[in-house]
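Dear colleague,

I am passing the structure below to you for your records. My notes on what was found in it follow directly after.

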Amino acid sequence: MDKGFLSVQAAVREFVLREFLRDGDAGQLRNDTELVKTGIVDSINVLGLVEFIEDEYAIELEPSDIQKFTTIDNIANGILGKLTGLSR
Amino acid sequence: MEFDLTPEQRALQEEILRFSRAELNKDVIERDREARFRRDLWEKCAGIGLPGLIVPAEHGGSGVDCLTTAIASEAFGRGCTDGGLVFSILAHLLTCVAPIVRYGTEEQKERYLPGLCDGTIVGGNAMSEPGSGSDAFAMKTRAIPDGSRFILTGSKTFSTNAPVADLVVVFALTPDKGGDAVSAFLLDPKTPGVEIGRPIEKSGLRTSPMAELHFDEVILPADTLLGGAGGGATIFAHSMNWERVCLFAAQVGVMERLHEQAVDYVKTRKQFGKPIGHFQSVSNTIAENLIRLNAGRLLVYEAAWRLDNRKNPTIAASAAKIFVSESFQKMAADTVRIFGGYGFTTEYEVERIYRDSIASTIYSGTNEMQRQIIARLLGLKIHPGLE
């Protein structure tokens, strides 16, 4: 599995589009769109996002990690940080 | 697809059923009338591992998965006629024990889990506030950082087990990047500044103690934070999925008991020279409720399987919660009617089950909110930020 930033970013974006948005919203979703402020991610669906990340990348997330996952870019950076052991 | 229980699940189910029937059902009518919680019965339940089912063995529990917990809860609900005791034990397990098992540090697990399992620590949970029920995250209770500690101020209501709890998972707002985030704390109610309000008297589940909690600048050491700062929303979502599966598994068990009681009664009660089960209005009702019971069980078990197998259980858990609670309420009301005038008396113990069933469509997130959760996850709601 390619674990470079662009690949992780694309995978996360694809998950968010598939699971959380209608087809017509794809063009409006940017990689820096605030997912929580826009209501795309909330307390109801956040666990699905967590499961996807943990299963796809074999990492374990703490609730405080999830708090920082506000945009697709932040999520990708957070995943890479966990994979490399470096915080970003 | 295998529908049979494993031998271990079957053994656990039978043990809990036998234990509950033999040990927990004396004087329930009086306990309900007096709204009396029995700590000694809690300790008996701890003797067979009920309060610590999901805790790993290294910390004193049985280490079972969600499906097995649901099977155990179903047996508990079926065997124990004190709905309040069942509710309190499961609230402890699902809203206090489960979050610590999943998100606690090793130190927190070692400090609390053994006692939560062996009956020496009764757990509770404090989320709702007078101004925030369904809108749970509109809470006002705050935990302000002060060096390495937090200062907790605010109030909670409808806190199950609060009058008798030794440990409460409290949710509060903490500052985060110019705004607020929800964090969870492990609170000892004996901490100075904590006031346990008057016990809240309820229509049903009367032996399950409930009260308000008030926090007046309560000092919380840093090691009481559960899951890190801002982790409260995730922790709450996690415990809600477990609650919507396993608490409602117990209700499936109660429905089984109601079914058995109704069938026994209508075979013996005679009117117009015939057992009343002969009459279609009675037999059809029993048949329809059996369908609801079996369907509810399957919904609960599928949600439990999803939770165990990382298959995003949220829609399944909400669906199980809606269907089981509404079926439970209907079945309880129907059972009162099947018993006729006797169903309305306390002696036959079915009116108490009806009173217990009323709150089932309200707690664990109202059924109205559950329907919105499903709609939300089906993508039926518009995201204002993208308009």
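**Aromatic groups in chain B**

One aromatic cluster is formed by B:Tyr265, B:Phe339, B:Tyr342 and B:Tyr348. Please bear in mind that the model is a predicted one.

Over all chains, the count of aromatic pairs comes to 12. One of them joins B:Phe171 and B:Phe236, whose ring centres are 5.6 Å apart. The planes of these two rings stand at 80°, and an angle over 60 degrees counts as edge-to-face, so the pair is assigned to that class. Distant parts of the chain are linked by this pair, since B:Phe171 belongs to strand S4 (residues 167-176) of chain B and B:Phe236 to helix H7 (residues 232-268) of chain B, with their positions 65 residues apart. Both B:Phe171 and B:Phe236 are buried.

A further edge-to-face pair consists of B:Phe272 and B:Phe279, with 6.3 Å from centre to centre and 90° between the planes. Are the two partners buried or exposed? B:Phe272 has a relative accessible area of 76% and is therefore exposed, the cut-off for that class being over 50%. B:Phe279 has 26% relative accessibility and so counts as partly exposed.

**The second largest pocket**

For any work on cavities and pockets, the following may be of use. The second largest pocket holds about 580 Å³ of space. Its lining comprises 21 residues, and those nearest the centre of the pocket are B:Glu2, B:Phe3, B:Leu67, B:Leu298 and B:Tyr301. Which helices contribute at least two residues each to this lining? Helix H1 (7-23), helix H4 (66-79) and helix H8 (280-308) of chain B do so. Sorted by class, the lining of the second largest pocket contains 10 nonpolar, three polar and eight charged residues.

**A loop residue in chain A**

In chain A, the residue examined was A:Val36, which sits in the loop between helix H1 (5-20) and helix H2 (46-57). With a relative accessible area of 48%, A:Val36 is partly exposed, because that class covers values from 20% to 50%. Apart from neighbours within four places in sequence, A:Val36 makes contact with A:Val41 and A:Thr70. The C-alpha atom of A:Val36 is separated by 8.7 Å from that of A:Phe69, a residue 33 positions away along the chain.

With kind regards

Key: Residues are numbered from 1 along each chain as its sequence is written. Chains are lettered from A and ligands numbered from 1 in the order in which they are written. This is a predicted model: local features need pLDDT of at least 70, side-chain atom pairs count only at pLDDT 80 or more; totals for chains, interfaces and linings use all residues. Side-chain values use heavy atoms; hydrogens and water are left out. Helices (H or I, at least four residues) and strands (E, at least two) are DSSP runs, numbered from the N terminus. Buried means under 20% relative accessible area, exposed over 50%, partly exposed in between (1.4 Å probe, protein chains only). Contact means heavy atoms within 4.5 Å. Rings of Phe, Tyr and Trp (its six-membered ring) pair if their centres lie within 6.5 Å; planes under 30 degrees apart count as stacked, over 60 as edge-to-face and the rest as tilted. On a 1 Å grid over the protein atoms alone, a cavity is a set of points where a 1.4 Å probe fits but cannot get out, and a pocket is an open set with protein on both sides within 12 Å along at least five of seven lines; lining residues have an atom within 4 Å of a point. Grid points are joined across faces, edges and corners, and a volume is the space filled by probe spheres set on the points. Ala, Val, Leu, Ile, Met, Phe, Trp, Tyr, Cys and Pro count as nonpolar, Asp, Glu, Lys and Arg as charged, and the others, Gly among them, as polar.
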